[in-house]
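Student: Please give me a close look at the pocket in this model. Then take me outward from there, with enough detail on the cut-offs that I can check things for myself.

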Amino acid sequence: MKKSAAVLLFWVTGIFQLYAQTKILNLRDAVTMGIRNSKQLKLRTLEMEQAISQEEQAKDASLPSAKISAGYNHALMLSQTFYLPSTNSNDPQKLSLPFDNILYQSSLGINQPVFEGNRLRYARQSANLLLQISRLNVESDKEEVAFDIIQSYINYYKLRQNQKILVQNLKDIENKLAEIKKFEAQGLATKNDVLRFELEASKMKLNAIELDNNRKIVNYNLDILLGLPDSIVIEEEDVGYKLGVNNSFENFLELALKDRKALTALQYQLKLTDIGIKKTQDEKLPTVSAGGNLYFINPSGNIIPKNGGYLAPFIVGVNVAWDISSLYKNKNKLTESKIQKQEAAGRYDMMRDQIKTEVNQSYRQYKQALEKISVLQDAIAQATENERIMESKFRNNLATTTDRIDAQTLLYQSRIGLELAKCDATAAWYTLLKSTGHIEP
């Protein structure tokens with residue numbers, strides 16, 4: 001019987017680890033590794049970098065624009081004689097043109113926006129807000145990734161604790177089976193009593209097989225989540241149960257309404273709609289720009305013309321433009337912008353209500369988990385005493401084998417229940433932290 005228990009112990013603790021690579025990970029290290037290797041976060045980071053680039057582009061739009069051009073033209077005059085009309089009724093003046101004509105020309109233009117109805121300023125403000133939203137999205141996704149890893153790690157830890165308790169219970173059953181066989185040999189127990197213990201041991205072994213299969217599935221999924229090779233066997237460490245935290249519901253709610261990334265992002269969205277309204281209103285304003293253009297015209301045919309053989313005018317000026325149609329076309333655009341602001345405000349209010357609901361539910365579930373632990377601690381004490389009494393009665397022929405096994409099963413279930421309840425309370429604690437926007441392992 002001891003040999004059988006030892007074989008099962010190898011199953012449950014993973015004899016296959018002799019042929020597989022193992023990695024010892026605590027919860028904090030698992031979260032750090034998962035965040036570092038998360039493909040989701042890498043994509044979100046690229047989006048943030050794109051927002052940074054767009055903000056820089058908005059700043060660049062206020063810089064002066066400069067344009068330089070150069071050209072070469074070769075004209076063949078099919079008609080080489082041209083008569084210029086006379087202004088005093090005299091005969092037209094004859095002008096003879098060469099057949100082959102070459103013209104070099106170039107220009108340099110610089111234009112600086114002076115006033116464009118605040119469009120550039122609004123563009124910079126919008127780009128900055130979009131960047132802030134993008135950063136919040138990265139932080140929010142980090143929390144989601146961390147939460148998924150924490151939940152997966154705790155589930156893995158629960159399975160491993162379940163396995164360890166099952167091994168201990170099986171050893172107790174195997175010891176009792178060895179004892180009952182001795183009683184049978186002495187005529188103090190029946191064959192049916194032995195079979196009853198053997199059946200209980202078989203049930204434990206089946207549970208062990210099922211638990212180990214579930215552990216392998218969770219281990220594989222955790223490998224993928226952490227960016228590890230899927231053949232790695234994870235060795236868990238104590239999660240450090242989060243029990244007995246006595247912060248009030250009001251404190252958690254205040255923290256959530258102040259620091260939840262999704263709510264802050266919607267606040268930025270509201271500011272974006274305000275900018276959109278101002279931008280639409282300012283489209284009615286004229287625009288002013290100042291600029292200068294330098295031209296070089298060389299019809300001489302020589303790359304470097306002689307003095308007086310080229311033209312080089314430099315023109316400076318101020319341009320004012322006003323799209324007067326915006327005075328009557330922008331009415332509906334302004335209405336649309338105001339509706340968008342109302343929608344953003346509505347989403348913000350809905351998010352506040354959702355956060356309140358999440359915090360309340362998470363807080364109640366955590367408190368419930370703590371209450372379960374208190375009850376299960378009493379249940380273990382009761383089940384231990386009950387098992388001791390049944391053991392004594394059985395030895396004195398005052399209790400049946402079924403009574404004895406039932407007492408053992410109740411004790412086993414109480415032990416399992418307490419460990420799972422502690423894990424559930426810790427998971428509920430992290431769920432509560434996530435609802436406040438402050439999840440940390």
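Tutor: What follows starts at the pocket and then moves on to charged pairs, a surface patch and a few single residues.

A word on ground rules: this is a predicted model, so local features need pLDDT of at least 70 and side-chain atom pairs count only at pLDDT 80 or more, while totals for chains, interfaces and linings use all residues. Residues are numbered from 1 along each chain as its sequence is written, and side-chain values use heavy atoms, with hydrogens and water left out.

Now the pocket. The largest one holds about 270 Å³ of space. By pocket I mean an open set of points, on a 1 Å grid over the protein atoms alone, where a 1.4 Å probe fits and protein lies on both sides within 12 Å along at least five of seven lines. Points are joined across faces, edges and corners, and the volume is the space filled by probe spheres set on them. Its lining counts 16 residues, and Ser140, Glu144, Arg260, Glu358 and Lys434 are the ones nearest the centre. A lining residue is one with an atom within 4 Å of a point. By class, you get six charged, six polar and four nonpolar residues in that lining. Here charged is Asp, Glu, Lys and Arg; nonpolar is Ala, Val, Leu, Ile, Met, Phe, Trp, Tyr, Cys and Pro; and polar is the others, Gly among them.

Which helices build it? Helices H4 (119-185), H7 (261-282), H8 (326-395) and H9 (401-436) each put at least two residues into the lining, and H4 gives the most, with six. Helices (H or I, at least four residues) and strands (E, at least two) are DSSP runs numbered from the N terminus.

Let's stay on H4 and look at its charges. Side chains of opposite charge can pair when their charged atoms come close. The cut-off for a salt bridge is a side-chain nitrogen of Lys or Arg within 4 Å of a carboxyl oxygen of Asp or Glu, and the structure holds 24 of them. One of these joins glutamate 139 to lysine 142, with 3.8 Å between the closest N and O atoms. The two are three residues apart in H4, so about one helical turn separates them. Glutamate 139 is partly exposed at 36% relative accessibility, and lysine 142 is also partly exposed, at 32%. The bands here are buried under 20% relative accessible area, exposed over 50% and partly exposed in between (1.4 Å probe, protein chains only).

Farther along H4, lysine 164 bridges to glutamate 236, N to O 3.3 Å. That pair ties together distant parts of the chain, 72 residues apart, with glutamate 236 sitting in strand E6 (residues 233-236). Lysine 164 is partly exposed at 43%, whereas glutamate 236 is buried at 10%.

Helix H5 (residues 191-226) has a within-helix pair too: glutamate 200 and arginine 196 are four residues apart, so about one turn separates them. Their side chains meet at 3.9 Å, N to O. Glutamate 200 is buried at 5%, while arginine 196 is partly exposed at 24%. There's also a network of salt bridges linking Glu179, Glu391, Arg395 and Arg404.

H5 also contains leucine 226, which is buried with a relative accessible area of 0%. Its C-alpha lies 8.9 Å from that of threonine 32, although the two are 194 residues apart along the chain. Threonine 32 belongs to helix H2 (residues 27-37) and is partly exposed at 43%. Leucine 255 is 29 residues from leucine 226 along the chain, and their C-alpha atoms are 29 Å apart.

For a change of chemistry, Ile68, Leu108, Ile110, Leu294, Phe314 and Val316 make a nonpolar surface patch of about 610 Å². Patch residues have over 30% relative accessible area and no salt bridge, and nonpolar side chains (Val, Leu, Ile, Met, Phe, Trp, Tyr) are joined within 5 Å; areas come from the Shrake-Rupley method with a 1.4 Å probe. Strands E5 (100-115) and E8 (314-321) each supply at least two patch residues. Leucine 294 is in strand E7 (residues 287-298) and is partly exposed at 37%.

Last stop: asparagine 397, in the loop between H8 and H9. Asparagine 397 isn't a glycine, yet has a positive phi of about 60°, and at 63% relative accessibility counts as exposed.

Terms used:
Patches are made of residues with over 30% relative accessible area and no salt bridge: like charges are joined within 9 Å, nonpolar side chains (Val, Leu, Ile, Met, Phe, Trp, Tyr) within 5 Å.
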